[in-house]
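You asked for a short note to read beside the model, written for someone who has not met it before. The points below go from one helix contact to the residue that ties several contacts together, and end with the whole chain.

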Amino acid sequence: MAEGIKLILLSFLASIGFGLKFQMKPHYLAWAGLGGALTRLCYLLLLEVIDSRLIYSLLAAMFASLYAEIMAMKFKMPSTVFLYPAIIPLTPGSLIYSTAVNFLLKDTAAMWHDAADCASTLFGISIGFVLISTFTYYRRVYFLGKDLASHLLHHPHKK
């Protein structure tokens with residue numbers, strides 16, 4: 001329990017730090033930190049009930065992406081402003097590290113195991129982002145009644 005609270009607090013601080021590094025406006029930093037803390041909380045809760053790394057990574061990424069979309073609508077900003085700090089707790093840094101260490105130690109069995117876990121995590125995260133961003137895009141198209149990407153297809157020089 002205390003370890004989980006510590007991880008949530010550290011995720012809050014890491015997400016704020018990420019926001020600072022990328023020059024996020026100061027009045028959005030607390031929201032960025034909240035995104036990281038809530039994403040970590042979601043991840044920890046999912047770890048308790050789901051055994052599949054792919055699935056709990058996917059669901060936690062969906063949560064982070066949904067949080068970013070809600071904050072983007074609230075503040076009328078691009079969702080990536082809130083998405084990047086929110087996903088900091090999901091990055092599989094320890095898996096990347098242990099994969100590299102096992103490679104250097106020539107422990108191929110452990111290296112491939114960690115690499116597979118890392119790939120599964122990254123795949124789940126990316127699919128979670130795609131699902132939510134696709135859903136929110138089509139939700140906007142449906143409720144606004146226009147194609148938000150039509151400006152990409154419009155060629156002002158052609159008649």
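1. A word on terms comes before the contacts: two residues are in contact when heavy atoms of theirs lie within 4.5 Å. Please keep in mind throughout that this is a predicted model.

2. With that cut-off, which residues of helix 2 meet helix 4? On the side of helix 2 they are Tyr-28, Trp-31, Ala-32, Gly-35, Gly-36 and Thr-39, and on the side of helix 4 they are Phe-82, Pro-85 and Ala-86. Sorted by kind, the residues of this contact comprise six nonpolar and three polar ones, with no charged residue among them.

3. As for the geometry of the pair, the axes of helix 2, which spans residues 26-49, and helix 4, which spans residues 80-87, come within 7 Å of each other and cross at roughly 45 degrees. Because of that angle, helix 2 is oblique to helix 4, and the crossing of the two is right-handed.

4. Helix 2 also packs against helix 1, residues 2-21, at an angle of about 145 degrees and with the axes 7 Å apart; this crossing, too, is described as right-handed. Helix 1 contributes Gly-4, Leu-7, Ile-8, Ser-11, Phe-12, Ser-15, Ile-16, Gly-19 and Leu-20, while helix 2 contributes Leu-29, Ala-30, Ala-32, Gly-33, Leu-34, Gly-36, Ala-37, Arg-40, Leu-41 and Leu-44. The residues of this contact divide into twelve nonpolar, six polar and one charged.

5. Gly-36, a residue of helix 2, deserves a separate look, since it is listed in the contact with helix 4 and again in the contact with helix 1. Is Gly-36 buried or exposed? Its relative accessibility is 0%, and therefore Gly-36 counts as buried. Beyond its neighbours within four places in sequence, Gly-36 is in contact with Ser-11, Ser-15, Pro-85, Ala-86 and Pro-89. For one of these partners, Ala-86, the separation is 50 residues in sequence but 4.1 Å in space, taken from C-alpha to C-alpha.

6. Turning to the whole protein, the model has seven helices and zero strands, so that the order of elements from the N terminus on reads α-α-α-α-α-α-α. Of the 159 residues, 35% count as buried, and the accessible surface comes to about 10,300 Å², of which 71% belongs to carbon and sulfur atoms. Among contacts between residues at least 6 apart in sequence, 61% join residues at least 24 apart.

Key
Residues numbered from 1 in each chain as written. Predicted model: local features only at pLDDT ≥ 70, side-chain atom pairs only at ≥ 80, totals over all residues. Heavy atoms only, no water. Axes fitted to C-alpha atoms, helices over the stretch in contact; angles between N-to-C directions. Helix = DSSP H or I, 4+ residues; strand = E, 2+ residues; numbered from the N terminus. Parallel < 35°, antiparallel > 145°, perpendicular 65-115°, else oblique. Left-handed = near helix turned anticlockwise from the far one by under 90°. Nonpolar A, V, L, I, M, F, W, Y, C, P; charged D, E, K, R; others polar. Buried < 20%, exposed > 50% of the residue type's maximum accessible area, 1.4 Å probe, protein only. Areas by Shrake-Rupley, 256 points an atom, 1.4 Å probe, with all protein chains shown as cover.
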